[in-house]
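Please study the structure shown below together with its sequence, and then work through the exercises in order. Each exercise is a task followed by a solution in steps.

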Amino acid sequence: MPNWIPNLPEQVRRLALLVVVVVIAFLIVRPMLIPAGFGEQGHFRSGALNDAVAHDYKYAGKASCEECHDDMTSMLASGYHNNLSCEVCHGPLAGHVEEPEEVQPEFPRGRNFCPVCHEYLSARPTGFPQIVSQSHNQLKACINCHEPHDPVPSEVPEKCSACHGKIARSKAVSHHANVECDFCHSVNEGHKTSPREFRAAKPIDRNFCGQCHADSENGSDAPQIDLSSHEPRYVCWQCHYPHLPEAK
Amino acid sequence: MDELIQHLYPLLKSVTGYIYPNEIELHWGLLVSLYPYLTGLVAGAFILASLVKVFNVKELQPTYRLSMLTALAFLIVAPLPLLLHLGHPEKSYEIFLTPNTNSAMAMFGFVYAWYLMAVLLLELWFDYRKDMVIIAKSSRGLKKWFYKILSLFSKDISDKSVAFDHKAVRIITIIGIPSAFLLHGYVGFIFGSIKANPWWSSVLMPIVFLFSAIVSGIAMVLLLYMVITPIRKQQLDMICLDKLASYLFYIMIVDFSLEVLDFIHRVYESEESIKILASMVQTKLFGSLVIIQVIMGMILPLATIAGVKIFKVPADLRKLLYFMSAILVQIGIFSTRWNVVVGGQLFSKSFMGLTTYKMTFFGLEGLLISITLLIMPFFILWILMKILPPGGSETQEAAIQVPSP
């Protein structure tokens, strides 16, 4: 024993012993505790991949329903909900595909289900069908009026605002409030029932806005600019939002 | 699935503006806000204790051991909210076995272990060693063995050896101060270094966290001192209490100035996020930030203590005012943590909308668990004070005869 060790204060020797014991114990135990396969493929346990693969399937996918419910799958395929999976509404059904009698699907018949996708939210893309559930035909279940597998508005909406609520609301308070939608967009009636088949047209060039805004004797009370010098390299809506032109 | 719908439906209605689809659900909730609150108390209580040892603030001597034990009790509970928040708490020890040095969060294990083992336990051990030896000598049976093991069978309580203990405590405290800074600065760092989140990303974050930690630690020790001393049938030391309140006051001023600095800096810098942050503060965080954190948790206690300092307030009223202020400070600091953690997730990264947080009562992330976690440290403190009485071996009932050295 080197002779400085006995010279250390008693308590330090005891602590040092404890530390040495703990460190040695850690070094012995560590290799045993590191999960097998750690570090083989990266900073993780390689077996974790197999564990993930081994999880039970919960969802079967739309294709697997066709075998027994082809009426429903074809109905769904022809309607607005064609991109939806059956199981987004009926819950995970891998078990049902194996044993149809044993595992029963869910039926979301309540009024609070459909709004998860359809409640009005400015985050949703324009044109996405949205309602404000508090004012949309309260007290009746949605499926009373809309067949969930082929939902259609039970009547053709008259106003553009039924589907483009956000645009309509901002235009209504803008300096363009008095310019009608169809002045700028020519819309086929079919757009109101199948908006993707019948697309609405949009203005394509600067002259369009020039009708009212360009320096000429057009008699419009709109503020005037000179088309040839006012930012000629861009179309107007790169800078002015047409539904709220005063926005900077 | 029904549960999911029940959960999402009301949330949808309180979303305002534009948010991305994955932002409706907050991933860090009550439990995660609890964690910086608890570590803050640890760091604060420790720094208070170090005032006594390193800076020789004699007036605070009565609270030294109490602060150390408080720090330990809270440190034991501090990682629990994180563990409960993890999907697999039973695997958490693996971060020690296979350290990932690239992950600040993974390194927390080491910061924690260092603080617990190298600082708190060691300092307490040296500080209590003499008492433990004396108790071990004067008791019998299981208790004797318990204290023998705790003191690592050490026997030497000569003056020289006890003097060494004192020196060791001092050195550990000196190492401990940067460690305490590290422990809580680290928590601020975790938030401050998240570049993508303008509410968090700020170099001031670790420092603001640290000072609010000290504030909360001092206030907690003040509260505990005022509650425990009468229970132990002792007299409150008014000089000590006044000193505690003064320190609380000064540190709060620093903390408040830092927060104001951070605020001015943000407003002046006026990055593209400023509008949404402003509207968040005016709506969703108005109650918890403006009312609770700033007015109730900061301005009111500051004004109260300032009042006590200016006017000659009789001792009994002073006690009451200190007590009330310390409670307000606790509530205020908790909501500071809440506003950082939850606030950082309430606004959309598109800067165009706000989502909302729905607290649950039951469940791992619920209110019930959080309340339990908040009560636990006090329970642990109670046990610790039984084992390691702050009054030293004299107050241990069993230690009848203290052999004179």
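The exercises that follow concern a predicted model.

**Exercise 1. The overall form of chain B**

Task: Determine how many helices and strands chain B has, and judge its compactness from the radius of gyration.

Solution.
Step 1. The secondary structure of chain B consists of 14 helices and two strands.
Step 2. The radius of gyration of chain B is 23 Å, and the globule rule gives 22 Å for 405 residues. These values are close, so chain B is as compact as a globular protein of that length.
Step 3. Along the principal axes, the C-alpha atoms of chain B occupy a box of roughly 75 × 55 × 35 Å.
Step 4. Of the 405 residues in chain B, 52% are buried.
Step 5. Consider the contacts in chain B with a separation of 6 or more: 80% of them join residues 24 or more positions apart.

**Exercise 2. The interface between the chains**

Task: Describe the interface of chain B and chain A by its area, its residues and its elements.

Solution.
Step 1. The size of an interface is often given as the accessible area lost when the parts come together.
Step 2. Between chain B and chain A this buried area is about 2500 Å², and carbon and sulfur atoms give 66% of it. M1(B), L12(B) and L97(B) supply 25% of the area that chain B buries against chain A, more than any other three residues.
Step 3. On the level of residues, 32 of chain B are in contact with 32 of chain A.
Step 4. Eleven residue pairs across the interface are in polar contact. The elements of chain B that give two or more residues to the side touching chain A are α1 (2-14), α5 (94-97), α6 (104-138) and α8 (159-192). With seven residues, α1(B) gives the most to that side.
Step 5. By residue class, the side of chain B that touches chain A has 18 nonpolar, six polar and eight charged residues.

**Exercise 3. Salt bridges**

Task: Identify the salt bridge between chain B and chain A, and place two further salt bridges within single chains.

Solution.
Step 1. A search of the whole structure finds eleven salt bridges over all chains. The count between chain B and chain A is one.
Step 2. This bridge joins the side chains of R129(B) and E10(A), with an N to O distance of 3.7 Å. It runs from helix α6 of chain B to helix α1 (residues 10-33) of chain A. Both R129(B) and E10(A) are buried.
Step 3. R129(B) and E10(A) also belong to a network of salt bridges that includes R14(A) and D165(B).
Step 4. Within chain B, R266(B) forms a salt bridge with D262(B), the closest N and O atoms being 3.4 Å apart. The two residues are four apart in helix α10 of chain B, which means that about one helical turn separates them. Buried means under 20% relative accessible area. R266(B), at 17%, is therefore buried, and D262(B), at 14%, is buried as well.
Step 5. Within chain A, E189(A) pairs with K192(A) at 3.7 Å between the closest N and O atoms. E189(A) is exposed at 54% relative accessibility, whereas K192(A) is partly exposed at 24%.

**Exercise 4. Serines and a phenylalanine in chain B**

Task: For S202(B), S335(B), S270(B) and F351(B), state the location in the secondary structure.

Solution.
Step 1. S202(B) is found in the loop between α8 and α9 (205-231) of chain B. It is buried, at 13% relative accessibility. Apart from residues up to four places away in sequence, S202(B) touches G192(B), D262(B) and R266(B).
Step 2. S335(B) is found in helix α13 of chain B and is buried at 6% relative accessibility. S335(B) and S288(B) are 47 residues apart in sequence, yet their C-alpha atoms are 6.1 Å apart in space. The side chain of S335(B) reaches the backbone oxygen of G332(B) at 3.0 Å.
Step 3. Most residues other than glycine have a negative phi. Two residues with a positive phi are S270(B), near 45°, and F351(B), near 60°.
Step 4. S270(B) lies in the loop between α10 (238-269) and α11 (274-282) of chain B, and F351(B) lies in the loop between α13 (315-346) and β2 (353-354). S270(B) is partly exposed at 41%, and F351(B) is partly exposed at 26%.

How values were computed: Residues are numbered from 1 along each chain as its sequence is written. Chains are lettered from A and ligands numbered from 1 in the order in which they are written. This is a predicted model: local features need pLDDT of at least 70, side-chain atom pairs count only at pLDDT 80 or more; totals for chains, interfaces and linings use all residues. Side-chain values use heavy atoms; hydrogens and water are left out. Contact means heavy atoms within 4.5 Å. Buried area is the accessible area (1.4 Å probe) that two parts lose on being put together, summed over both. A salt bridge is a side-chain nitrogen of Lys or Arg within 4 Å of a carboxyl oxygen of Asp or Glu. A polar contact is a pair of N or O atoms within 3.5 Å; within protein, one must be able to donate a hydrogen and the other to accept it, and residues adjacent in sequence count only if both atoms are side-chain atoms. Ala, Val, Leu, Ile, Met, Phe, Trp, Tyr, Cys and Pro count as nonpolar, Asp, Glu, Lys and Arg as charged, and the others, Gly among them, as polar. The radius of gyration is taken over C-alpha atoms; the globule rule is 2.2 Å times the number of residues to the power 0.38. Buried means under 20% relative accessible area, exposed over 50%, partly exposed in between (1.4 Å probe, protein chains only).
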